[in-house]
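Colleague: I'm new to this, so can we walk through the model together?

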Amino acid sequence: ASKGGNLAMPQLSEKLGGDLLLAFVSAVAFATILAALSGLVIATTGAVSHDIYGKLIRKGHVDHVSQLRVARVTTVASVAISMLIALAAQKQNVAFLATLAIAVAASANLPALLFTIYWRKATAAGITAGMVAGLVTAVAIILMSPTFHGSAEGALLPISSPGIISVPVGFL
């Protein structure tokens, strides 16, 4: 029913089990999405308020009231940004978007993990540079790809998944 093909599972459950199976599948999907997203919001809020604000910006000299204020602002900001991204990508296939997210995460994290474990000469500056390079390259490729532009005509790069380029850039 949708252009992205995101309603295949609910439609199949309705055909196979009627309204009861449709209700069950919908409830499970809703609970799973809600749990995953709330975990991401909590992780983002904690990282920003405790690590970035408390440790990096304030160097450990932070009171609980200001840290709570930063956490609240971060919560609202992360939810607002997520909603804008969701609205922009609402006609895309959810499975394909998950693949893009995994490619972006691999571009930033895989080189850092492997170099940290297997290369004794790895430094914090080198790991950080690799993570930033992989992340920026992956996002830039997505923004120049047919995925973002909707067709191959307006795209600057003809590839749809950034990992083939961005993961090696993270390693370099």
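Modeller: Sure, let's begin with Lys59, which is exposed at a relative accessible area of 60%, where exposed means over 50% with a 1.4 Å probe and protein chains only. Keep in mind that this is a predicted model, where local features need pLDDT of at least 70, side-chain atom pairs count only at pLDDT 80 or more, and totals for chains, interfaces and linings use all residues. Residues are numbered from 1 along each chain as its sequence is written, and side-chain values use heavy atoms, leaving out hydrogens and water.

Colleague: Where is Lys59, and what is its phi?

Modeller: Lys59 sits in the loop between α1 (8-57) and α2 (64-88); helices here are DSSP runs (H or I) of at least four residues, numbered from the N terminus. The phi of Lys59 is positive although the residue is not glycine, with a value near 55 degrees.

Colleague: How do α3 and α4 run relative to each other?

Modeller: The axes of α3 (residues 94-118) and α4 (residues 124-144) come within 9 Å and cross at roughly 165 degrees. Angles over 145 degrees count as roughly antiparallel, on a scale from 0 to 180 between N-to-C directions. So α3 and α4 are roughly antiparallel.

Colleague: And which way do α3 and α6 run?

Modeller: α3 packs against α6 (residues 163-171) at about 30 degrees, with the axes 8 Å apart. Under 35 degrees counts as roughly parallel, so α3 is to α6 roughly parallel.

Colleague: How many charged residues are in the contact of α3 with α6?

Modeller: Contact means heavy atoms within 4.5 Å, and Asp, Glu, Lys and Arg count as charged. The contact residues include Leu110 of α3 and Val167 of α6. They divide into 8 nonpolar, 4 polar and, for charged, none.

Note on methods. Helices (H or I, at least four residues) and strands (E, at least two) are DSSP runs, numbered from the N terminus. Angles under 35 degrees count as roughly parallel, over 145 as roughly antiparallel, 65 to 115 as roughly perpendicular and the rest as oblique. Buried means under 20% relative accessible area, exposed over 50%, partly exposed in between (1.4 Å probe, protein chains only).
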